[in-house]
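Dear colleague,

I am handing over the structure we spoke about, with the sequence alongside. Please look through it before reading the notes underneath.

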Amino acid sequence: MKPFDKIKQQINEDLHHKIPQKWKKIGNILVADFSQIDTNNLSQISQVYAEILKVKTVLQKNKVNGELRKPERTEILFGEDTKTEITEYGLRYKMDLSKTMWSPGNTGWRAVLDGPEKVSSFYSFDSPKVIVDYFAGIGYFSIQLAKSYPLAKVISIDKNPDSVEYLKQNLEFNNINNVEVVNDDCRNINQKADVIHLGYISNTLDFLEHAHSNLNDKGIAIFHEAYNNSWLGFKKRSDWGSIPTKFSKLMEENGFETMKFERVKFYGPSKSHIIAYLQKI
Ligand SMILES: C[S@@+](CC[C@H](N)C(=O)[O-])C[C@H]1O[C@@H](n2cnc3c(N)ncnc32)[C@H](O)[C@@H]1O
C-alpha cells in the first residue's frame, strides 16, 4: 500500500483534501506543507506522518531566502531535533535544517564526476591546481570537487558561520583534507584559481567580475543562476541543448566565453535553474 494511502487510513476522511500528498524526506526529517491543517489537528496528523514515513522530526515547509539562504523560520510539528544526515554518491553530509538549506532538487548535479555525461562534462577540468567554491554551503560541491581532484587545493568560502561549521564537520566526516575553509564574503577573498564554482541563484552575475579577476588565463567559472525561459528564448523542451544568444552575449560582456549550457531544474512555473561552463577570455 502506498505511504499516502496508509496515512489516509489513520486520518479523518473530512481532512483528506487538506493533508499534504507531497513531501521531502531529508535524512530522517520530513518537510511538507501542513498549512491547510487547523492547529488542534496538527500534532496528531504530523505524528501519523512521522510513524508511517519513519522520521524523527516533521517540519512545516517554508521558504529559504535572504542572502545566506537560511530557512525563514523553522516550525517543528513533531519531534524536536532538526539535525540530520544524508549519504549521497558515497559521501555523508551532516546538516541542521533550522540553520542551513538543502536542495533535494540538485541531487543529480551534486554527483560532479560520478554523474552522467551531462553532469560530469561540466566538472571536467584539466588537472586544476586551485579550485575555489564561492558559495560552499555545507560542502556538497566542494567535497565532491576535492574528492574528484585530490591533487588540487580547494578553497571553500561561505558567509554563513552555521554552514561553515557543518562544512568543517563534513570534511572530517569524509576524510577530505585538501580543502581550506574560509568564513567570509567571497568578494573579500583574492585567490588566483584555475576553476571558480559559483553555486548561487538570484544575483550570481554580481560576483562574476570578482571571479574574472581571480581566474588564471583561460580559467573556468561554473556559473549557476535562474532565468525566465522567455528571456533565454526557450519556449519548448527541444530548445534546450543550445547556448542562448542573449546569455552568451551577457557573459562575453563580462569577459567569458560560454562553452556549455544546461538546465539543472525547473525553478518555478516559467523559470529555470541553469548551469554554464564559462572560460575566461
Ligand atoms: C544556495 S546556497 C549554495 C550552496 C551550494 N553551492 C549549492 O549550490 O547547493 C548559497 C550559499 O551561499 C552563501 N553565501 C551567500 N552570499 C555569499 C557571499 N557573498 N560570500 C560567500 N558565501 C555567500 C550562503 O551562506 C549559502 O550557504
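The notes below take the ligand site and then one pair of strands.

Please bear in mind throughout that this is a predicted model. The ligand is surrounded by 21 residues, of which Glu67, Phe135, Tyr140, Asp158 and Cys186 come nearest. By class, the residues of this shell divide into nine nonpolar, five polar and seven charged, and both domain 1 (3-81) and domain 2 (89-280) contribute at least three residues each to the shell.

Several contacts to the ligand involve the protein backbone. A polar backbone atom of Cys186 lies 2.9 Å from a nitrogen atom of the ligand, while a backbone N or O atom of Lys159 is 3.1 Å from a ligand nitrogen atom, and a polar backbone atom of Gly199 is likewise found 3.1 Å from a nitrogen atom of the ligand. Of the 590 Å² that the ligand exposes when taken alone, the protein buries 96%.

Turning to the strands, E10 (residues 153-158) pairs with E11 (residues 179-183) in the parallel sense, over five bridges, and within this pairing Ser156 has Val181 of E11 as its bridge partner. Between E10 and E11 the chain passes through helix H5 (residues 161-173), giving a β-α-β crossover that is right-handed.

With best wishes

Methods. Residues are numbered from 1 along each chain as its sequence is written. This is a predicted model: local features need pLDDT of at least 70, side-chain atom pairs count only at pLDDT 80 or more; totals for chains, interfaces and linings use all residues. Side-chain values use heavy atoms; hydrogens and water are left out. Two strands pair if DSSP finds at least two bridges between them. Helices (H or I, at least four residues) and strands (E, at least two) are DSSP runs, numbered from the N terminus. A crossover is right-handed if, with the strands pointing away from the viewer, the path from the first strand over the helix to the second runs clockwise. A residue is near a molecule or strand if one of its heavy atoms lies within 4 Å of it. A polar contact is a pair of N or O atoms within 3.5 Å; within protein, one must be able to donate a hydrogen and the other to accept it, and residues adjacent in sequence count only if both atoms are side-chain atoms. Accessible areas come from the Shrake-Rupley method with a 1.4 Å probe; for residues, only the protein chains shown count as cover. Ala, Val, Leu, Ile, Met, Phe, Trp, Tyr, Cys and Pro count as nonpolar, Asp, Glu, Lys and Arg as charged, and the others, Gly among them, as polar. Domain bounds come from an automatic or database domain assignment.
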